[in-house]
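User: I would like a close look at a single part of this model, followed by whatever can be said about the parts around it. Please take the structure below as the starting point.

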Amino acid sequence: MNKPGIIQFKPVRDQVDEAEWKMRVDLAACYRLMARYGMSDMIYNHITARVPGSPDHILINAYGLMYPEIKASSLYKIDLAGNVVLRPDTSYGINNAGYLIHSTVHQGRPDIHCVLHNHARASTAVSAMKSGLLPLTQTAMRFYDRVSYHDYQAVALFDEERPVLLRDLGPINKVMVLRNHGMLYCGTSIADAFNIAYFFENACRIQIDVMQAGAEPYYPPREVMLRTRDIFENGPNGPGTAMSGELEWPALLRMLDRDEPSYKD
Ligand SMILES: [Zn+2]
């Protein structure tokens, strides 16, 4: 029997392979973490992940669930043309703007496996600033000269915006500020996308603090900014030690296992 206020979903674990199931669990965790850290927007926004071994299939949320309601079995599997491949046990559909933005990135950037779009408060405030993100702190310098900007063209519902989105994102950057709208974070993994979103939002919060304080900002030399970014990108101890969120991800999952284990259902 359903408990009041809790939606049950038919489990899909026996309909997918082990790799997809793990991806579903990680993606459901990512939704929960975005809500937990104050970076979600009720039922809106979207995070997608590419299904391992099926590069043309992505997982996306059912449009109508709050992020703390999302579970591994409540996710849609769709192809990059928008066709439903595996529908969860729900009457909710998917968000069309979400599908358009995310499928464009998954199609155009094969290196990206997780795309996260949100309207969190500080980064959205920075999206409305002409300067964009300023290299004021170590947290911000990590993104130095690696942030793309895309001009607002009303709610993204039209195919014509797709090539512009991809052109503005470019071939390397993993962060795009959607001006006057929100953010697009592109990760090589779900852990990577969450890590980027978390630290970019914090960098924006601090930028706003500095601006509100009214003090004259102090910037280190450009070489220092570049060196900081390179250390974050390449790892402090050479290749393979890049800070891509892999270290904290198991700790974040332990926290969810303790506090809200239903994400794994
Ligand atoms: Zn949006």
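How much space lies in the largest pocket?

Analyst: In this predicted model, the largest pocket holds about 320 Å³ of space. Its lining is made up of 16 residues, and those nearest the centre are R142, K174, D192, I196 and E233. By character the lining residues divide into 7 nonpolar, 3 polar and 6 charged. Two helices, α6 (190–213) and α7 (222–234), each supply at least two residues of this lining.

Helix α6 also carries aromatic residues that deserve attention. F194 and Y198 both lie in α6, 4 residues apart, which is about one turn of the helix. Across the model the count comes to 9 aromatic pairs. F194 and Y198 form one that is tilted, with 6.2 Å from centre to centre and 40° between the planes. The two residues have unlike surroundings: F194 is buried because its relative accessible area is 3%, under the 20% limit, whereas Y198, with a relative accessible area of 26%, is partly exposed. Y198 also pairs with F199, and this pair is edge-to-face, at 4.9 Å centre to centre and 80° between the planes. F199 counts as partly exposed at 29% relative accessibility. Ring pairs link these three residues with Y37 and W249, so that Y37, F194, Y198, F199 and W249 form a cluster.

The zinc ion has its own set of protein donors, namely the NE2 atoms of H117, H119 and H181, which lie 2.0 to 2.1 Å from the ion. Along the sequence these donor residues follow the spacing H-x1-H-x61-H. H117 is buried, at a relative accessible area of 3%, while H119 is partly exposed, at 28%.

Turning to the strands, β3 (residues 76–79) has Y76 and I78 pointing one way and K77 and D79 the other, and all of them are buried. In a regular strand the side chains alternate between the two faces of the sheet. Strand β2 (residues 54–60) pairs with β3 in the antiparallel sense over 4 bridges, and I58 stands opposite I78 of β3. Strand β4 (residues 84–86) also runs antiparallel to β3, joined to it by 2 bridges, with L86 in β4 as the bridge partner of K77. β3 and β4 form a hairpin with 4 residues between them, and G82 in the turn has a positive phi of about 95°.

Technical notes. Residues are numbered from 1 along each chain as its sequence is written. This is a predicted model: local features need pLDDT of at least 70, side-chain atom pairs count only at pLDDT 80 or more; totals for chains, interfaces and linings use all residues. Side-chain values use heavy atoms; hydrogens and water are left out. Buried means under 20% relative accessible area, exposed over 50%, partly exposed in between (1.4 Å probe, protein chains only). Two strands pair if DSSP finds at least two bridges between them. On a 1 Å grid over the protein atoms alone, a cavity is a set of points where a 1.4 Å probe fits but cannot get out, and a pocket is an open set with protein on both sides within 12 Å along at least five of seven lines; lining residues have an atom within 4 Å of a point. Grid points are joined across faces, edges and corners, and a volume is the space filled by probe spheres set on the points. Ala, Val, Leu, Ile, Met, Phe, Trp, Tyr, Cys and Pro count as nonpolar, Asp, Glu, Lys and Arg as charged, and the others, Gly among them, as polar. Donors are N, O and S atoms within 2.8 Å of the metal (3.2 Å for Na, K and Ca); water is not among the atoms, so sites may look incomplete. Rings of Phe, Tyr and Trp (its six-membered ring) pair if their centres lie within 6.5 Å; planes under 30 degrees apart count as stacked, over 60 as edge-to-face and the rest as tilted.
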